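Subject: Handover of a structure and findings

Dear colleague,

Please find below the structure that I am passing on to you. My notes on what was found in it follow directly after.

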Amino acid sequence: METNSVIKNREAELPIPSKWRSTIAKIVDALVDEDYVLRSVVPNSELRSSDVASQMRSYIENYGEKLIPLSEKCWDSSVYIWQGKDWLALVDLSTDKEEVSDLVMQLSISELEADFKFTVEMVYVP
């Protein structure tokens, strides 16, 4: 189920809105290119803190498979939920061996006046 609406619902996880997907895909593309500090990412994207880059690199390398751009199947299982001041998004990642792997990228997404701010919190295996 794809949606373009961004809903503030604290009770249910919802599919990632289509209006966020391009930005999220670009963030993942940066990680695929081993740009863990997100130098090449679109505006309004950042890391939660400076140590997140090395933590993400370590988790991805230790996973043992090569990260690749998101497959369309990833959107079927990726979700977001409203937390009161921003949204928490969990995006399943793709590898060269798995269209939808156990690796997850966690983001917080907040509203800006005319856009959204995407903060990468972590990449990990839940």
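In this predicted model, strand β5 (residues 87–92) runs antiparallel to strand β7 (residues 104–111), and the two are joined by 6 bridges. Within this pairing, V91 sits opposite M105 of β7. Strand β7 also pairs with strand β8 (residues 116–124), again in the antiparallel sense, over 8 bridges. On that side, M105 has V123 of β8 as its bridge partner. The connection from β7 to β8 is a hairpin of 4 residues. M105 thus has a partner in each direction: V91 and V123.

Nonpolar core

M105 appears again in the interior. The largest nonpolar core has 37 residues, and those that touch the most other members are W20, I24, M56, M105 and L107. At least two residues of this core come from each of α1 (18–32), α2, α3 (74–77), β4 (79–82), β5, β7 and β8. The greatest contribution is that of α1, which supplies 7 residues.

What does W20 touch once its neighbours within four places in sequence are left aside? Its contacts are then V6, Y80, W87, I109, F116 and F118.

Helix α1

Helix α1 consists of 15 residues, and the distance from its first C-alpha to its last is 21 Å, close to the 21 Å expected at 1.5 Å a residue. The buried residues in this helix are W20, R21, T23, I24, I27, V28, A30, L31 and V32. R21 and T23 therefore count as buried alongside the nonpolar residues of the helix, because each falls under 20% relative accessible area.

V28 belongs to helix α1 and has a relative accessible area of 0%, so it is buried. With its neighbours within four places in sequence left aside, V28 is in contact with I68, L70, L93 and M105. The last of these, M105, is the residue that stands opposite V91. V28 and V91 themselves are 63 residues apart in sequence, and their C-alpha atoms are 9.6 Å apart in space.

Backbone after α1

Two residues in the loop between α1 and β2 deserve a note on their backbone angles: E34 and L38. Most residues other than glycine have a negative phi. E34, just after α1, takes a positive phi of about 60°. L38 likewise has a positive phi of about 60° although it is not a glycine. Is L38 buried or exposed? Its relative accessibility is 8%, so L38 counts as buried.

Salt bridges

How many salt bridges does the model contain? The count comes to 5, and three of them are described here.

One of them links E111 to K8, with the closest N and O atoms 2.9 Å apart. Since E111 lies in strand β7 and K8 in the segment before β1 (14–15), this pair ties together parts that are 103 residues apart in sequence. Both ends are partly exposed: E111 has a relative accessibility of 45%, and K8 has one of 48%.

A further salt bridge is formed by R48 and E121, whose closest N and O atoms are 3.2 Å apart. R48 is in the loop between β2 (45–47) and α2 (52–63), whereas E121 is in strand β8, so the pair ties together parts that are 73 residues apart in sequence. Here the two ends fall into separate classes. R48 counts as partly exposed at 42% relative accessibility. E121, at 17%, counts as buried, because the cut-off for that class is under 20%.

The third pair, E61 and R57, lies within a single helix. Both residues are in α2, 4 residues apart, which is about one turn of the helix. The closest N and O atoms of this salt bridge are 3.6 Å apart. R57 has a relative accessibility of 32% and counts as partly exposed.

In summary, strand β7 recurs in these notes: it pairs with β5 and with β8, it supplies at least two residues to the largest nonpolar core, and it holds E111 of the salt bridge to K8.

Kind regards

Methods: Residues numbered from 1 in each chain as written. Predicted model: local features only at pLDDT ≥ 70, side-chain atom pairs only at ≥ 80, totals over all residues. Heavy atoms only, no water. Pairing = 2+ DSSP bridges. Salt bridge = Lys/Arg side-chain N within 4 Å of Asp/Glu carboxyl O. Buried < 20%, exposed > 50% of the residue type's maximum accessible area, 1.4 Å probe, protein only. Core = buried A, V, L, I, M, F, W, Y, C linked by side-chain atoms within 4.5 Å. Contact = heavy atoms within 4.5 Å. Expected span 1.5 Å × (residues − 1).
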